[in-house]
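Colleague: I should like to go through this model with you before returning to the bench. May I put some short questions?

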Amino acid sequence: MFLFRPAATADGVANDNSTMFAVKFKATEKTIFNKALAEYIASSYAEPPEVYRDDLRVLDELREAATAALDGNPNVLKRNIRYYGQLAFILSKFPADVGISFTWYNSFTLDTEVSCQDLYFERASVLFNIGAAYSQLGCREGHSDMDSLNRAFNYFQQAAGTFGYLQRKIVGECRTQLTTDMSAYMLTTLENLMLCQAQECVWHRSVLSRMKDANIARIATHVAELYEQAMQSASQGSLASTIPNGWIDHLKVKGLYFRAEAQQRKSMGCLANSQYGEEVARLQAAQEYCSQISELVSYDQRWSKLLRAAVLEMIKSQAELVSSNRTRAEHDNDVIYLDPVPAISSLADISPYKLAQSKTPEIIENPGKFLGGEELGPPLFKGLVPFVIHQAASLYEDRKDQLVNKDLITALDELTADCESVLNSLNMPHALEAIKKPIGLPPNILVGADEIRSDGGYIGIKRLLDSAIVSNTRANELLGAAEKALNDEAQEDQRVQQRVPKGGRQTKRVESAELTNKFRAEIAKYRDVINRARESDATIKAQVEMWSQFFSLLGSPRDEIERQVPSTTANPITDPHHSQIVGRLQQYMDEITLMKRERAKSMEKLKRVANEDDITPALNEEMQRLAALSATPILQFELHQFEDLFAQKLDKYMTWRTYIDEEREAQVELLDSIREANQAFLVARSNHPLLQQREKALSNLETAVKRYREASFNLHDGARFYVSLDSELQKLKDGCLDFAMARHLDALEQLGLSHGETPTDLAQAPEQDSNAAAQQPNLVWDPTMPLKYTTPK
């Protein structure tokens, strides 16, 4: 009862007694863990890699043993399971993108491959080969004795469970686009196929053990159902063109064969139960299935190549047996029994007898339980802290930064800013300085003027601003060239999708929109950065133009600046009442200065406490506590497990909220006193206009110095930013151009054209803008915050 050519294993050896399919192994390229993991240990764990020299060597040896000399024997299965278990463990120690590139080929078409830096992809590929090994071991078992059938039955169930577990649990964690052999449709097909073959082993056992015909019919019914399900899943999506040649045909014939077998066996049960009319109907149904097989074989000569001669003879024998039994049953019923023959459509369905099921081996679902034992060996890199601890430490740092810098420090800065705003509105301390030093200029203005003069004054700041505008234009040109390359390629792709290549049929080509999402996201990100930079350009330009007259004056010699500031030398103020008012105001100003100085010291103390706050030791203690409660060395930590520890560590910063409230209350009270004293001061000086003019002049000059420093700092910071931005945009542009050219060549290949035969509408591959490439990078700031600059990411 064996129907098909034996399935070849990976090394080409086949078992002549096998009627089953075996899945080929995925091939891979040689990969070394040693260097990349050693560098990561040294940089991220701050440990000497030499301590883990043996672990690094063993891991490389495990991969070599698991991926070399693949064939369908138990040792290959053991080596792959051992490597898979260690991979599952080290994923708790290292990030998936640790810097090692893995290359794996499609199991069914070796010309298709995927290369990526993803440990999850490596684990999924190894698990696929474990499922393939189970399938090949099942095919190697004979079907002539019960022991072999029992082993094959278990192997196929484990293969089904492995492919199902891969599809449901493992593939979703991969961070790259996979080959079609690990698509959801293909893995579902493989799981269904393995279940078919497991249930078929049950059918073989039932025949060998001479089980009742009615029960054999039920088993055969479920075999047929499983093959029909497998054929349906194999026909989904693009699998029909990528699945191994002849698989769908085999699945179809097997489904029909076991439908006929079920009806034939059921008819024998009817005969034993004296149900002669139903016996005839069942045989009629069986003969219809046999006729469908016969029509397929007669219609398409390729079946003679897919099926062995013995199989063709067996199909013929089955048809003859069914026909003979039908003739005998109809004669006996017509002459002797006269039992009514029901219509085939009215026959009760044969209830399936389901015994095969997907069984994922426990060592696959829970490898940590077997680490340290003979199956997987001792866990590698056991001494390293799990990677989730580093994630937890990083999360705590983010929350601490939010609390300390974004909440507490920001609140204190806002207090100081509010204080400065009030004092500026009162023209303090400039008004007092004008009284104390009526002749000459305050030191802060003189120092600021010297700085401005050395920087080139207004002309120097204008030159920086012009350079910023040019740099912004340059960035827009680079971004526009990148976007143009994608748009041109998209237009070409639309034309390619509508064309039919010479001498061939239209092949499915991935649309541009599916491939350029990353590029277009990058373009959108950089366009937003450039637009915000342009807005800041306008803000800075308006500020420079507003203060241009003062910038020009501050760039002049000192005597010229002093000459432009009103002086009270000729009219000194000697009124005692005025002096008393000035003294009280000066006292309050001294108090507010002291408050700001002490506040600055407190802020430095808070920053120092935050910088010295290292949660790593506490996380290690918590990890050891949780590890003691775990039954497996593969510690499945989740970040939420450390929430209580985070709250405990952050609680010490809550006292600073009280300090901020106290500071706010004291500042409000002191500013109220300054306002009151200043009002008296203004009344006392209301009859001295020259003082008011001088105060206003000094205030304007000091503000101009601040505005110049702000603009200069932002423009220089922006210059550094645009050096980096220009490099990033050039890379993006080159990437888009390379992509467009590659797609253009692919379009030619799909249409069966050589480069010289390129039709006019496909000869529009984007070219690099030589004028844009010739430009030199300019310097502009990034306004991610008002008048602040950062390096693009």
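Colleague: Where is the place of His222?

Modeller: This is a predicted model. In it, His222 belongs to helix H7, which covers residues 213–234.

Colleague: Is His222 buried or exposed?

Modeller: His222 is buried, since its relative accessible area is 7% and the cut-off for burial is under 20%.

Colleague: And what does His222 touch, not counting residues up to four places away in sequence?

Modeller: With those residues set aside, His222 touches Gln199, Pro352, Tyr353 and Lys354.

Colleague: Let us step back. How many helices and strands does the protein have?

Modeller: There are 27 helices and two strands. The protein has 793 residues, and 47% of them are buried.

Colleague: What share of the contacts between residues at least 6 apart in sequence joins residues at least 24 apart?

Modeller: That share is 82%.

Colleague: What about the surface: how much area does the protein expose?

Modeller: About 38800 Å² is exposed, and carbon and sulfur atoms supply 50% of that area.

Colleague: Now the interior. Which residues touch the most other members of the largest nonpolar core?

Modeller: They are Phe33, Leu37, Phe94, Phe121, Ile130, Leu166 and Phe381, within a core of 105 residues. Helix H4, residues 119–140, gives the most to this core, with 13 residues. As a general point, nonpolar side chains in soluble globular proteins tend to be buried together.

Colleague: Take Leu37. Which residues is Leu37 in contact with, leaving aside neighbours within four places in sequence?

Modeller: Leu37 is in contact with Leu56, Leu59, Phe94, Val98, Ile100 and Phe381, once those neighbours are left aside. Phe94 and Phe381 also appear among the residues that touch the most other members of the core.

Colleague: What lies apart from this core?

Modeller: Another core, of 25 residues, lies apart from it; Ala393, Leu403, Ile409 and Ala618 are among its members.

Colleague: I noticed Leu606 as well. Which helix is Leu606 found in, and what does Leu606 touch?

Modeller: Leu606 is found in helix H22, residues 576–612. Not counting residues up to four places away in sequence, Leu606 touches Val404, Leu408, Ile409, Tyr653 and Trp656. Leu606 and Trp656 are 50 residues apart along the chain, and their C-alpha atoms are separated by 8.4 Å. Leu606 counts as buried because its relative accessible area is 0%.

Colleague: And Phe681: buried or exposed?

Modeller: Phe681 is buried, at 0% relative accessibility. Phe681 sits in helix H25, residues 655–685. From Phe681 to Ala431 the C-alpha separation is 9.5 Å, although the two are 250 residues apart in sequence.

Colleague: A change of topic: how do H6 and H9 cross?

Modeller: The axes of H6 (residues 184–208) and H9 (residues 247–272) come within 13 Å and cross at roughly 35°. H6 passes H9 in a left-handed crossing.

Colleague: Which residues meet there?

Modeller: From H6, Leu190, Leu193, Glu200, Trp203 and Val207 take part; from H9, the residues are Trp247, Leu251, Lys254, Phe258, Glu261 and Arg265.

Colleague: Lastly, cysteines. What does the count of disulfides come to?

Modeller: The count comes to zero disulfides. As for individual cysteines, Cys196 is buried, with a relative accessible area of 0%, and Cys270 is buried, with a value of 1%.

Conventions:
Residues are numbered from 1 along each chain as its sequence is written. This is a predicted model: local features need pLDDT of at least 70, side-chain atom pairs count only at pLDDT 80 or more; totals for chains, interfaces and linings use all residues. Side-chain values use heavy atoms; hydrogens and water are left out. Helices (H or I, at least four residues) and strands (E, at least two) are DSSP runs, numbered from the N terminus. Buried means under 20% relative accessible area, exposed over 50%, partly exposed in between (1.4 Å probe, protein chains only). Contact means heavy atoms within 4.5 Å. Accessible areas come from the Shrake-Rupley method with a 1.4 Å probe; for residues, only the protein chains shown count as cover. A disulfide is a pair of cysteine sulfur atoms within 2.5 Å. A nonpolar core is a set of buried Ala, Val, Leu, Ile, Met, Phe, Trp, Tyr and Cys residues joined through side-chain atoms within 4.5 Å. Axes are lines fitted to C-alpha atoms, for helices over the stretch in contact, and angles run from 0 to 180 degrees between N-to-C directions. A crossing is left-handed if the near helix is turned anticlockwise from the far one by less than a right angle, and right-handed if clockwise.
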